[in-house]
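Colleague: I should be grateful for guidance on how to read a model of this kind. May we take the features one at a time?

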Amino acid sequence: MNATLSPQRTFIRPAVALVSALSACAALAAPAAAAAAVPDVPGPAGYPTSAVVGGLSGEPLDCARLKCVALTFDDGPGAYTDELLDTLAGYDAQATFYVLGSKVAHHTDTLQRMVEEGHEVGNHSWDHADLATLSADAVEKDMERTNEAIREATGTEPATMRPPYGSLDDTARSAIDQPMVLWDVDTLDWQSRDADTVTDVTLDETAPGSVVLFHDIHESTVEAVPAVLKGLHRQGYHFVTVDELFSDGMEPGDLYTDARL
Ligand SMILES: [Zn+2]
């Protein structure tokens, strides 16, 4: 553990990592749902967006003083990701996408759109390997291959990474030179596959500085996002990227779960 951390950064506790790893295990096990017709989901008329309160108006949000939350979406891009981007745009909400390198080449337009619309694209490994089972050399190659795919697609460097299943050991950690990001709110969206449940869990468990885990490969998750944005906005939250949430900066090789005060 690094004693130089500010109290705004919370390091992962081993028990949390284990529970998180178990809960995220089934995220990829389910067969991909067939692509459905995706309706436009604009924000409601008159909805006060973050642009109105400062998010996109030029001034960076001060998450040390304001209620900020980072919504994060793993395992994509997928069939519902563009619909999700439409929804986020309707609310001027920023999010972070932890993408699989193996999917990047098939979704170059979607990745470019993420970056253009102010979202953060992070590294979630090439193909969802459990990094704790790999050699240091294999982890390093996996990270670099994925970073390179994101770089090629977007022209930007992924600022952070998230280990699949939240699983890391000392060998993997030593081979990763990006900040590693877990979460403090697990929506268990892969398990419930129910938009109302995903919404309820998110609204109940989010605190200022939370990092919330979703998977945009599930239609029910994408269906939940309008109510999530509406509900959290009513509670006074601003929707920022992971990079923005940790406003004091993040150190390569350090592990973060949230920026709760
Ligand atoms: Zn994942």
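Modeller: The turns below move from the whole chain to its strands, helices, core and loops. Please keep in mind that this is a predicted model.

Colleague: How many helices and strands does the chain have?

Modeller: The secondary structure amounts to 11 helices and 8 strands. The chain has 261 residues, and 48% of them count as buried.

Colleague: What share of the contacts with a separation of 6 or more comes from residues 24 or more positions apart?

Modeller: That share is 81%. Two residues are counted as in contact when their C-beta atoms lie within 7 Å.

Colleague: Let us turn to the strands. Is strand 6 enclosed or open to the outside?

Modeller: One reads this from the burial of each residue, which requires 20 or more other C-beta atoms within 10 Å. In strand 6, residues 211–215, 5 of the 5 residues are buried, so the strand is largely enclosed by the rest of the structure. Its side chains alternate: V211, L213 and H215 point one way, while V212 and F214 point the other way.

Colleague: Which strands pair with strand 6?

Modeller: Strand 1 is joined to strand 6 by 5 bridges, and the two run parallel. Within this pairing, F73 has F214 as its bridge partner. Strand 5, residues 185–186, also pairs with strand 6 in the parallel sense, over 2 bridges. There, V185 is partnered by V212.

Colleague: Which strand holds the residue that stands opposite F73 besides F214?

Modeller: That residue is F97 in strand 2. Strand 1 and strand 2 run parallel and are joined by 3 bridges. In strand 2, residues 96–99, T96 and Y98 point one way and F97 and V99 the other, and all of these are buried.

Colleague: How should I read the packing of two helices? At what angle do helix 9 and helix 10 pack?

Modeller: One considers the angle, the distance between the axes and the residues that meet. Helix 9, residues 195–205, and helix 10, residues 219–234, pack at about 35°, with their axes 8 Å apart. Their crossing is right-handed. From helix 9, the residues A195, V198, T199, T202 and L203 take part, and they meet a set in helix 10 that includes A224, A227 and V228. The residues of this contact divide into 7 nonpolar, 5 polar and 1 charged.

Colleague: Where do I look for the interior? How many residues does the largest nonpolar core have?

Modeller: The largest nonpolar core has 62 residues. Those with the most contacts inside this core are V69, A70, V99, V212, F239 and L245. Helix 10 gives the most to the core, with 6 residues.

Colleague: Which residues does A70 touch, leaving out those up to four places away in sequence?

Modeller: A70 touches T96, V211, V212, V240, T241, V242 and L245. Of these, T96 belongs to the buried set of strand 2, and V211 and V212 belong to that of strand 6.

Colleague: Next, the loops and the backbone. Is the peptide bond from G76 to P77 cis or trans?

Modeller: This is read from omega. The bond from G76 to P77 is cis, with omega near 0°. P77 is placed in the loop between strand 1, residues 68–74, and helix 3, residues 81–90.

Colleague: Which residues are in contact with T110, leaving aside its neighbours within four places in sequence?

Modeller: T110 is in contact with P77, T81 and D82. T110 lies in helix 5, residues 108–116. The C-alpha atoms of T110 and P77 are separated by 7.5 Å, although the two residues are 33 residues apart along the chain. T110 has 21 C-beta neighbours inside 10 Å and therefore counts as buried.

Colleague: Is the phi of S125 positive or negative?

Modeller: The phi of S125 is positive, near 80°, in a residue other than glycine. S125 lies in the loop between strand 3, residues 120–123, and helix 6, residues 136–154. H128, found in the loop between strand 3 and helix 6, has a positive phi of about 65° and is not a glycine.

Colleague: Why does S125 count as buried and H128 as partly exposed?

Modeller: S125 counts as buried because 24 C-beta neighbours lie inside 10 Å. H128 has 19 other C-beta atoms within 10 Å, so this residue is partly exposed; a residue is buried at 20 or more.

Conventions
Residues are numbered from 1 along each chain as its sequence is written. This is a predicted model: local features need pLDDT of at least 70, side-chain atom pairs count only at pLDDT 80 or more; totals for chains, interfaces and linings use all residues. Helices (H or I, at least four residues) and strands (E, at least two) are DSSP runs, numbered from the N terminus. A residue is buried if 20 or more other C-beta atoms lie within 10 Å of its own, exposed if 12 or fewer, and partly exposed in between; C-beta atoms are placed from the backbone. Two strands pair if DSSP finds at least two bridges between them. Axes are lines fitted to C-alpha atoms, for helices over the stretch in contact, and angles run from 0 to 180 degrees between N-to-C directions. A crossing is left-handed if the near helix is turned anticlockwise from the far one by less than a right angle, and right-handed if clockwise. Ala, Val, Leu, Ile, Met, Phe, Trp, Tyr, Cys and Pro count as nonpolar, Asp, Glu, Lys and Arg as charged, and the others, Gly among them, as polar. A nonpolar core is a set of buried Ala, Val, Leu, Ile, Met, Phe, Trp, Tyr and Cys residues joined through C-beta atoms within 7 Å.
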